[in-house]
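Subject: A structure for you to explore

Hi there,

Here is the structure I promised to pass on to you. Please open it in your viewer and keep it beside this email while you read.

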Amino acid sequence: MKKLFLLILLVTSSFTALMAQPAKGLKGSEYCSMRRMQRESLNDMNRELLNPTIHSYDVLNYTFSLDLMNNYTTPFPASFSANVIIEFKVDSVLNSIVLDAANASLAIDSVKIAATGFTHNNDHLTVQLDHTYNPGDFVQIQVYYRHNNINDGAIYTSGGFFFTDCEPEGARKWFPCYDSPSDKATIDLTAKVPLNVRLGSNGRLQDSIPDATSITYHWVSRDPVATYLIVISSKVNYQLDIVQWQDTICNQSIPFRFYHNANEDPSYIESIIGAMSSYYSAEFGDHAFEKNGFSTLNNQFAWGGMENQTLTSLCPDCWDESLVAHEFAHQWFGDMITCKTWADIFLNEGFATWTEAHWVEFISGYNNYKSELDGNANYYLSYNPGWAISDPTWAVNTPGVNTLFNYAITYMKGSCVLHQLRYVLGDSLFFAGMKAYALDTNYRYKSAAITDFRDKMESVSGQDLHWFFDEWVFQPNHPNYNNVYSFKKLGDNNWQVLFTARQSGGSLDPYWQMPIEIKIRFKDLSDTLIRVFNSVNNQIYSYQFSREPYALNFDPGNNILLKEGTTLVGLDESPSVVTDGLELTPNPFKNSALLTYQLAKQTRVIIELKDQLGRIIRKFDLGSQNTGLHNFKLEADGLVPGTYFLCLISGNSTSTLKVMHY
Ligand SMILES: [Zn+2]
């Protein structure tokens with residue numbers, strides 16, 4: 001039902017079709033993806049800012065004042081009046097600023113403080129300032145505006161609810177802002193509502209002051225918030241439970257607020273949220289905020305969860321453990337560290353979906369973690385639309401939500417990539433790297449790009465991981481293995497195992513390098529696991545044993561989740577090169593070295609010297625050579641010192657030696 005359900009979603013994108021589907025039994029990441037898929041595309045919005053990460057000013061704080069007195073009673077209009085004080089730091093000389101402000105949603109009435117005039121068109125509010133400001137100056141402007149009575153997919157009002165929902169670019173529909181995920185600001189929000197309304201927002205509740213007919217809620221977030229994570233969730237007679245969690249790392253009590261509808265029972269989630277917070281804190285660094293919480297909404301928000309900072313939105317009665325595990329992981333990956341641009345969405349959704357499985361691992365062990373990821377991989381392999389997890393153009397032009405939040409790519413493949421990184425590095429380096437990334441003050445409470453995460457994992461592990469991110473994150477698709485192996489009796493108590501790592505595809509197709517594992521089982525019921533780094537196609541591995549082998553499994557732990565293909569008893573019974581005989585002396589070498597190799601049959605031989613990126617540096621076509629032992633003298637002759645791969649191509653097989661020149 002899950003796949004069918006998602007298939008309907010992908011094909012129709014029809015909200016009414018979705019309404020007929022049951023919401024229960026979905027994974028958290030599925031809720032999360034579906035919610036976003038419902039959104040209309042924002043591609044038609046006019047975009048003038050060429051690079052959202054380079055900007056002439058940096059917003060420091062938004063101070064909102066909203067009058068919501070008329071939104072909770074029939075006919076439940078979406079219109080309200082408000083003003084916002086925007087405090088920003090000047091980064092380059094300017095006498096005006098451009099804010100995002102959707103024309104269909106917002107009517108601008110006036111501007112004040114340092115603002116002297118404005119124009120509002122093409123979804124941009126250009127504000128003239130009272131004089132020219134220089135880099136480092138702090139400026140405040142105030143904008144008085146009204147939200148129109150329209151259904152814009154950002155403001156929702158019905159049946160006594162008023163709530164916002166903004167990812168990726170809905171914030172500009174309810175307040176003028178610099179609507180880029182990297183520009184985070186602190187928030188001070190005051191909202192006047194009828195006396196019977198309870199209203200939650202980001203940060204902590206400073207005060208709530210009633211009078212005869214109204215109550216004014218005042219929320220303050222001292223931690224910076226990305227615009228798409230700013231939230232209001234409110235309702236007439238909203239139920240509220242508050243659970244205190246003792247943060248033992250910081251030795252403080254953190255309130256968790258559970259806003260819910262009257263007929264719901266959030267008690268199970270209330271009972272586990274402390275353990276989840278403690279576990280995530282131990283894994284990824286201390287919980288970052290002064291409060292946290294969840295609010296269930298109405299059927300206008302029927303299918304998802306949204307990780308608004310310190311107040312996650314949930315669909316009605318969606319007190320579901322995997323959904324909460326996913327959304328709460330976003331408080332670290334998405335909220336505390338926000339994707340720098342929408343090209344970095346992997347850092348939000350890949351991480352939250354992987355953490356969803358990691359929570360399962362904490363509760364019920366590695367096998368259940370792994371089977372969840374096996375399922376994610378199967379989903380990706382069934383529905384892969386064929387684009388990469390990250391496309392650099394998304395940083396400039398936000399793609400449609402069906403691309404940005406594609407379930408197979410952004411969620412399923414993203415989570416598998418993190419598992420594969422865990423496999424490549426091993427648990428100790430992987431978890432040390434994840435924690436070091438989450439604790440890095442360059443990113444914590446700020447934003448990060450995928451390359452920042454890559455660089456952090458490289459520095460923690462001491463390994464070059466460019467190849468890994470290039471293959472799995474920046475390049476589409478996955479390898480299709482067609483490995484072959486053979487067993488051969490060489491003599492008494494002497495058996496040879498030949499394994500050829502092979503991927504289908506032409507010479508121009510990329511080759512997915514990976515460490516690969518081969519498990520060989522023997523007739524005496526013993527077995528052995530071999531791990532080697534497979535860097536080129538048709539790489540042959542040869543092993544000799546004094547026991548008789550009878551079975552070979554490629555990647556027995558299925559740690560390379562993102563793959564297809566077969567490993568068969570092969571035809572390479574007698575490869576043209578006996579790899580045991582492939583040798584370079586000396587290695588490392590300075591001026592020259594002698595390559596020796598043995599051919600099992602007459603064949604054409606080509607020798608290629610490749611650098612670590614796989615580029616051919618030298619190539620020697622030696623023509624047809626006879627059976628037997630051969631020598632080839634490799635001259636350094638201007639070769640830059642470093643590590644290389646020497647590939648001996650004979651017939652249809654390639655043998656590779658790692659060599660060093662100094
Ligand atoms: Zn998510």
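To begin, which kind of link do the side chains of aspartate 91 and lysine 89 meet in? They meet in a salt bridge, with 3.3 Å from N to O. Please keep in mind throughout that this is a predicted model.

Where does this pair sit, on the outside or the inside? Aspartate 91 counts as partly exposed, at 35% relative accessibility. Lysine 89 is partly exposed as well, with a relative accessible area of 27%.

There is plenty more of this kind to look for: a search of the whole structure finds 19 salt bridges. Try arginine 172 and aspartate 179 next, whose side chains meet in a salt bridge at 2.8 Å, N to O. Here both residues are buried. They also belong to a network of salt bridges, which links Arg172 and Asp179 with Asp100 and Glu169.

A third salt bridge joins the side chains of glutamate 548 and lysine 523, at 3.2 Å from N to O. Glutamate 548 lies in the loop between strand S26 (539-545) and strand S27 (549-554), while lysine 523 lies in the loop between strand S24 (514-522) and strand S25 (527-534), so this pair ties together parts that are 25 residues apart in sequence. Glutamate 548 is partly exposed, with a relative accessible area of 28%, whereas lysine 523 is exposed, at 52%.

Now for the inside. In soluble globular proteins, nonpolar side chains tend to be buried together. In this model, the largest nonpolar core has 166 residues, and Phe64, Ile141 and Trp174 touch the most other members. Helix H9 (residues 407-425) gives the most to this core, with 12 residues. Apart from it lies another core of 19 residues, including Val605, Ile607, Phe632 and Leu646.

Phenylalanine 64 is a nice one to click on. Leaving aside residues up to four places away in sequence, its contacts include Tyr145, Trp174, Phe175, Ile187, Leu189 and Ile230.

Finally, how do H9 and helix H11 (residues 450-461) cross? Their axes come within 12 Å and cross at roughly 20°, which makes H9 roughly parallel to H11. The crossing is right-handed. To find the meeting place, look for Leu418, Leu421 and Leu425 in H9, which meet Phe453, Met457 and Ser461 in H11.

Have fun exploring, and write back with any questions!

Best wishes

Technical notes: Residues are numbered from 1 along each chain as its sequence is written. This is a predicted model: local features need pLDDT of at least 70, side-chain atom pairs count only at pLDDT 80 or more; totals for chains, interfaces and linings use all residues. Side-chain values use heavy atoms; hydrogens and water are left out. A salt bridge is a side-chain nitrogen of Lys or Arg within 4 Å of a carboxyl oxygen of Asp or Glu. Buried means under 20% relative accessible area, exposed over 50%, partly exposed in between (1.4 Å probe, protein chains only). Helices (H or I, at least four residues) and strands (E, at least two) are DSSP runs, numbered from the N terminus. A nonpolar core is a set of buried Ala, Val, Leu, Ile, Met, Phe, Trp, Tyr and Cys residues joined through side-chain atoms within 4.5 Å. Contact means heavy atoms within 4.5 Å. Axes are lines fitted to C-alpha atoms, for helices over the stretch in contact, and angles run from 0 to 180 degrees between N-to-C directions. Angles under 35 degrees count as roughly parallel, over 145 as roughly antiparallel, 65 to 115 as roughly perpendicular and the rest as oblique. A crossing is left-handed if the near helix is turned anticlockwise from the far one by less than a right angle, and right-handed if clockwise.
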